[in-house]
Amino acid sequence: MDNFQTVLHFFMNQKATIGYSFMALLTIGGERVFSMVSFQCPCNHDQNFPYGLIFLLGPAAVLLVLGLFFSTRLWRLYTGWCLNPMKLCPRGNCFNCLRVFMNIFSGACVAPIMWLCVALLNGTFYECAVSGLDDNVVVDMFCKNKTIKCREELARVPCGRSKLSKDENMELLLMFRAQSQILGWFIIITSAVLGLLGTCYRNSCSKVSYLQLMFWKQYVEKEKAGFDSFAVNYANKLAERNLQSFFENKNPEPFPFPNHKSWEEISALYSFSRSEQCYSTLQRYVEGADRDFTPERRPVLDLEYGMEMS
């Protein structure tokens, strides 16, 4: 039993690394499926560039949108913004708001960057896209010291249907592949350096020590897991109470429930302050002296039809 607890504790501590590794495997698998199943370079001078570029950047754009869509922090910041624009910049602190958006965006960029790196290291999409460029600088780079036929047949090289000799065709393919892999490694190295510099800057500007920061992260994870579990149980109890009141045709029993203002306060993004020993908006609300326990009677939003009901 102790060994099982040790293994479980190890995986819980490394869940971020495991998550990124699983994401990398999915990215590699997705890229291979695209390359082998759906991708067929047209080998046409006018179509190669847009076709290859769509396969190179299209999935990255989709992954970026999905990363933003599944970002809890983004929705906590954005929900209700039209009715209360100050939610984006509480206390008029626009710099803090911009910093939060940058953190959200950088987190959503992990999967797109993985896709770009894997796709460029493979080189299939890049070969097709670059071979369709009509720019003189690009063409001169590949067809330097070669006959005029190289310029005419460049777009057919990725398909192996060019009229060039076998050696010339292989040489151009290797040049395409080398450029693609160099660009892929450049993105990998740049992302790693920027990630390291960003982490160093964030930790150097931290208002708490390293051990307190580790405790803060552990607390936030435990609070989120506990909130999800407690919310499910509480919602079940409330649903059972309402159903029992309806079917038994009697007044419902008193049921404590947070009001609208309380939900708004704990839904805000948390900013640390040395003047209070709190680690989340929930803890700040719970330990506050001016809490309002009065249930709020006001219209609520009907999630199904998007209209208010009394």
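**Exercise 1.** In this predicted model, find the helix that holds Ala 129, and decide whether Ala 129 is buried or exposed.

*Solution.* Start with the location: Ala 129 sits in helix 7, which spans residues 124-131. Next, take its relative accessibility, which is 5%. Buried means under 20%, so Ala 129 counts as buried. Now look at its surroundings. Leaving out residues up to four places away in sequence, Ala 129 touches Asn 48, Phe 49, Gly 52 and Leu 53. Finally, try a distance: Leu 56 is 73 residues from Ala 129 in sequence, yet the C-alpha atoms of the two are 8.7 Å apart in space.

**Exercise 2.** Work out where the buried residues of helix 5 lie around its axis, and name the helices they pack against.

*Solution.* Helix 5 covers residues 94-108. First, pick out its buried residues: Asn 96, Cys 97, Val 100, Ile 104 and Ala 108. Viewed down the helix axis, these fall within an arc of 120°, so they line one face of helix 5. Then turn to the other side, where Cys 94, Phe 95 and Leu 98 are exposed. As for partners, the buried residues pack against helix 3 (48-69), helix 4 (72-78) and helix 6 (110-122).

**Exercise 3.** Describe how helix 3 and helix 5 pack.

*Solution.* Begin with the geometry: the angle is about 130° and the axes are 8 Å apart. That angle makes helix 3 oblique to helix 5. The crossing of the two helices is right-handed. To finish, list the contact residues: helix 3 supplies Leu 63, Leu 64, Gly 67 and Leu 68, while helix 5 supplies Ile 104, Phe 105 and Ala 108.

Definitions and conventions
Residues numbered from 1 in each chain as written. Predicted model: local features only at pLDDT ≥ 70, side-chain atom pairs only at ≥ 80, totals over all residues. Heavy atoms only, no water. Helix = DSSP H or I, 4+ residues; strand = E, 2+ residues; numbered from the N terminus. Expected span 1.5 Å × (residues − 1). Buried < 20%, exposed > 50% of the residue type's maximum accessible area, 1.4 Å probe, protein only. Arc of directions from axis to C-beta. Contact = heavy atoms within 4.5 Å. Axes fitted to C-alpha atoms, helices over the stretch in contact; angles between N-to-C directions. Parallel < 35°, antiparallel > 145°, perpendicular 65-115°, else oblique. Left-handed = near helix turned anticlockwise from the far one by under 90°.
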